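Biologist: I am new to this structure. Please choose a single part of it and take me through that part closely, together with its surroundings.

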Amino acid sequence: MPNSVFRFATVSGQGIRWFLRRNCSVTPSQLGWLYASLCLVSLGIGAGFWLHGAPLVLPFAWLELTAVGVAFLIYARHATDGEMIELAAGRLVVELENGGHYERTEFLPHQVRVEPEVSDRSLIEVSGQGRSVKVGRYVRPELRAALAREIRMALRDA
């Protein structure tokens, strides 16, 4: 199957993979360095004010850094969220990762149903053998129908 047919997938050998990831501009390690530099600057300024007779600045700096740290941890926990759909070796495998929780579901390609139809902008439901998984969280709603068509086409040719 030629690679130019797929907009969202990567074709390698006999397998087709769709990697759908959150669009994150900052990685968790970059965020850690940013937070460390923010702590250094903020605590340095707070210590300077404390030395000049303003003792309440330093506790507020700690409070601020704690709140920012909690927000950064929540962001970093979801920075690597994503979905991987793979069609290879007679199996359709859907793997979901959300906030450190991992879910893997396998389907037989000839028994899979992919919804929504063309006009629906909701999440794509992949179902078969009594199981179902919703994918497409990291694709813009107006592109989900195109992704569903692409998955259906790959399943037909499998």
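Modeller: Helices (H or I, at least four residues) and strands (E, at least two) are DSSP runs, numbered from the N terminus. The model is predicted, so local features need pLDDT of at least 70 and side-chain atom pairs count only at pLDDT 80 or more, while totals for chains, interfaces and linings use all residues. Residues are numbered from 1 along each chain as its sequence is written, and side-chain values use heavy atoms, with hydrogens and water left out.

The part I choose is helix α3, which covers residues 144-157. Its 14 residues reach 20 Å from the first C-alpha to the last, close to the expected 20 Å (1.5 Å times one less than the number of residues). Most of α3 is covered, with 10 of its 14 residues buried (under 20% relative accessible area, 1.4 Å probe, protein chains only; exposed is over 50%, partly exposed in between). The buried residues are R144, A145, A146, L147, A148, E150, I151, R152, A154 and L155. They pack against six strands: β1 (9-12), β2 (15-21), β3 (82-88), β4 (91-98), β6 (113-115) and β7 (124-128). Contact here means heavy atoms within 4.5 Å.

These strands belong to two sheets, taken in turn. An open sheet of five strands has the order β1-β2-β3-β4-β5, paired antiparallel (two strands pair if DSSP finds at least two bridges between them). β1 and β5 are its edge strands, each pairing on one side only. From one strand to the next, the twist averages 15 degrees (axes are lines fitted to C-alpha atoms, for helices over the stretch in contact, and angles run from 0 to 180 degrees between N-to-C directions). Antiparallel β1 and β2 are joined by four bridges, and V11 stands opposite I16 in β2. Between β4 and β5 (residues 101-107), also antiparallel, there are seven bridges, and L96 faces E103 in β5. β4 and β5 form a hairpin with two residues between them, and G99 in the turn has a positive phi of about 60 degrees. Across this sheet, α3 lies on β1, β2, β3 and β4 and runs at about 160 degrees to β2.

The other open sheet has three strands in the order β6-β7-β8, again with antiparallel pairing. β6 and β8 (131-135) are at the edges with a single partner strand each, so one side of each has no neighbour in the sheet. The twist averages 20 degrees from one strand to the next. Five bridges pair β7 with β8, and the bridge partner of G128 is R131 in β8. On this sheet α3 touches β6 and β7, and its direction makes about 165 degrees with that of β6.

The largest nonpolar core (buried Ala, Val, Leu, Ile, Met, Phe, Trp, Tyr and Cys residues joined through side-chain atoms within 4.5 Å) has 26 residues, of which W18, I85, L92, V135 and L147 touch the most other members. At least two residues come from each of β2, β3, β4, β7, β8 and α3. The largest share, six residues, is supplied by α3. Apart from neighbours within four places in sequence, L92 is in contact with ten residues listed here: I85, E86, L87, T105, E106, F107, P109, V112, V126 and L155. Among them, L155 is one of the buried residues of α3.
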